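Colleague: I am new to this structure and would like to go through it with you. Could you show it first?

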Amino acid sequence: MKRYEQYIRKVVPYVPGEQPHFSDMIKLNTNENPYPPTPAVQEALQSQQGECMRLYPDPTAHQLNAAIAKAYHVEEEQVFTGVGSDDVLAMIFQTFFNSDMPILFPDITYAFYPVWCSLFRIPYEILPLNEKFEIVPEEYFRPNGGIVFPNPNAPTGIALPLSDIERILQHNAESIVVIDEAYVDFGAQSALPLLEKYENLIVVQTFSKSRSMAGERIGFAIASKKLIKVLHDVKYSFNSYTMNHSAIVTGAAAVADEAYLQKITAKIVSTRENTKKVLSGLGFVFPNSKSNFLFVTHPDLDAHALFKALREEHIFVRWFDMPRIRNYLRITIGTDAQMEKLFAFLQHYLDTQKK
Ligand SMILES: *Cc1c(COP(=O)(O)O)cnc(C)c1O
């Protein structure tokens, strides 16, 4: 082994859901929104000038941050934007999780958290969800170097009530508490109102799911001005121009269209509730999801075999090769027509399995 090989940082990377390209596929594996973004996004793109390509974008992303601040009734100095919430979260880990004490997150959660811990050499402790896959707030009442979890949690879809988040904050006045609200627009309560009382809280959201803009890569954090300021200091020490011009203008246009957000999230929620009825009729069991996916298991079926059978039909869902959840599938809520095709396949699959 060469000496330099000893000094290579070795990480086990996060593995995102696959992005297959079949014209007939039903893609329910990465929690994308089946509907297009607001038409305001297309208009914003068309109004862009050629000069936008030649010049550097605004490093402060003022237009986008101001639009987010307006939509969420906070000050612009309380907003930090990044290249998807993955970028925002990575910056948060780097900026705030520098203690020798472990940061805390659940055993079943967003698989990127342990990857950033290993990349940035942050000690961590995983706290098991209870047998119903719920976060147990009391588990987080212990010394720590920070706390992070999604609400609703992924891939379970279960939302923690705001009162429990507040209890966690009350017991952790000395820690940064990050609530990753990637799915909050599909029916959970946002922790944003708690910002007035807790200056150690950071709320992270994304345009990838509810706003149908996964391809544009826009995420944001809202917190006290003090925390946002230090986050910007780290960002500008790394790369000033993370937000490209088209993300700034299309993001600003999208966040201003609250009516459209309400309309498509309501549509997805209604498809989700119908999907719950049909899948329980077929014998599937799942936690009560407040997100745009269901996390399902079936007492008579092997989840990995079903995952492969669906794949053969170009119906893509997500299976995780992880303890406790090997017999579960995470199914994104698509359009009603897509879900009907899924139901028909599952009905047929169950019929042939029973023979
Ligand atoms: C999808 C997701 C994200 C990141 O999404 P971006 O596309 O990077 O904004 C973050 N956290 C959770 C829990 C997610 O599911």
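Colleague: Which residue follows α10, and what is the sign of its phi?
Modeller: Gly283 follows α10, and its phi is positive, near 95 degrees. Helices (H or I, at least four residues) and strands (E, at least two) are DSSP runs, numbered from the N terminus. Please note that this is a predicted model, in which local features need pLDDT of at least 70, side-chain atom pairs count only at pLDDT 80 or more, and totals for chains, interfaces and linings use all residues. Residues are numbered from 1 along each chain as its sequence is written, and side-chain values use heavy atoms, with hydrogens and water left out.

Colleague: What span should α10 have, and how far apart are its end C-alpha atoms?
Modeller: Helix α10 covers residues 258–281, and its 24 residues should span 34 Å at 1.5 Å a residue; the end C-alpha atoms are 35 Å apart, which agrees. The expected span is 1.5 Å times one less than the number of residues.

Colleague: Which residues of α10 are buried?
Modeller: They are Tyr260, Leu261, Ile264, Thr265, Ile268, Thr271, Arg272, Thr275, Lys276 and Leu279. Buried means under 20% relative accessible area, exposed over 50%, and partly exposed in between (1.4 Å probe, protein chains only). An α-helix has 3.6 residues a turn, so residues three or four places apart point the same way.

Colleague: Turning to the interior, how many residues are in the largest nonpolar core?
Modeller: The largest nonpolar core has 47 residues, and those with the most contacts inside it are Ile68, Leu201 and Phe207. Two or more residues each come from α4 (62–72), β5 (147–150), α7 (162–170), β6 (177–180), β7, β8 (219–222) and α9 (245–256). Such a core is a set of buried Ala, Val, Leu, Ile, Met, Phe, Trp, Tyr and Cys residues joined through side-chain atoms within 4.5 Å. A second, separate core of 34 residues includes Ile264, Ile315, Ile331 and Leu350.

Colleague: And what does Leu201 contact?
Modeller: Beyond its neighbours within four places in sequence, Leu201 is in contact (heavy atoms within 4.5 Å) with residues including Leu169, Val177, Ile179, Leu195 and Ile222.

Colleague: Which strands does α7 pack against?
Modeller: The buried residues of α7 pack against β5, β6 and β7. Those buried residues are Leu162, Asp164, Ile165, Glu166, Ile168 and Leu169.

Colleague: Where is Thr206, and is it buried or exposed?
Modeller: Thr206 is in strand β7, residues 201–206. It counts as buried, at 4% relative accessibility.

Colleague: What does its side chain reach?
Modeller: The side chain of Thr206 reaches the backbone nitrogen of Ser208 at 2.9 Å. One of its polar atoms also lies 3.4 Å from the backbone oxygen of Ile218. Thr206 touches Ser85, Ala182, Ile218, Gly219 and Phe220 as well, leaving out residues up to four places away in sequence.

Colleague: Changing topic, how many salt bridges are there?
Modeller: The count comes to 16 salt bridges, each being a side-chain nitrogen of Lys or Arg within 4 Å of a carboxyl oxygen of Asp or Glu. Lys225 forms one with Glu75, the closest N and O atoms being 2.9 Å apart. That pair links distant parts of the chain, 150 residues apart: Lys225 is in helix α8 (residues 225–236) and Glu75 in the loop between α4 and β2 (79–82).

Colleague: How accessible are those two residues?
Modeller: Lys225 is partly exposed at 40% relative accessibility, and Glu75 is partly exposed at 42%.

Colleague: Which salt bridge has both residues in α8?
Modeller: Lys229 pairs with Asp233, with the closest N and O atoms 2.8 Å apart. Both lie in helix α8, four residues apart, about one turn of the helix. Elsewhere, Glu125, Glu139 and Arg142 are linked in a network of salt bridges.

Colleague: What about disulfides, how many are there?
Modeller: The count is zero disulfides, where a disulfide is a pair of cysteine sulfur atoms within 2.5 Å. Cys52 is buried, with a relative accessible area of 18%, and Cys117 is buried at 1%.

Colleague: Lastly, where does Leu127 lie, and which residues does it touch?
Modeller: Leu127 lies in strand β4, residues 124–127, and is buried, with a relative accessible area of 3%. Leaving out residues up to four places away in sequence, Leu127 touches Leu104, Phe105, Pro106, Asp107, Glu139, Tyr140 and Arg142.

Methods
A polar contact is a pair of N or O atoms within 3.5 Å; within protein, one must be able to donate a hydrogen and the other to accept it, and residues adjacent in sequence count only if both atoms are side-chain atoms.
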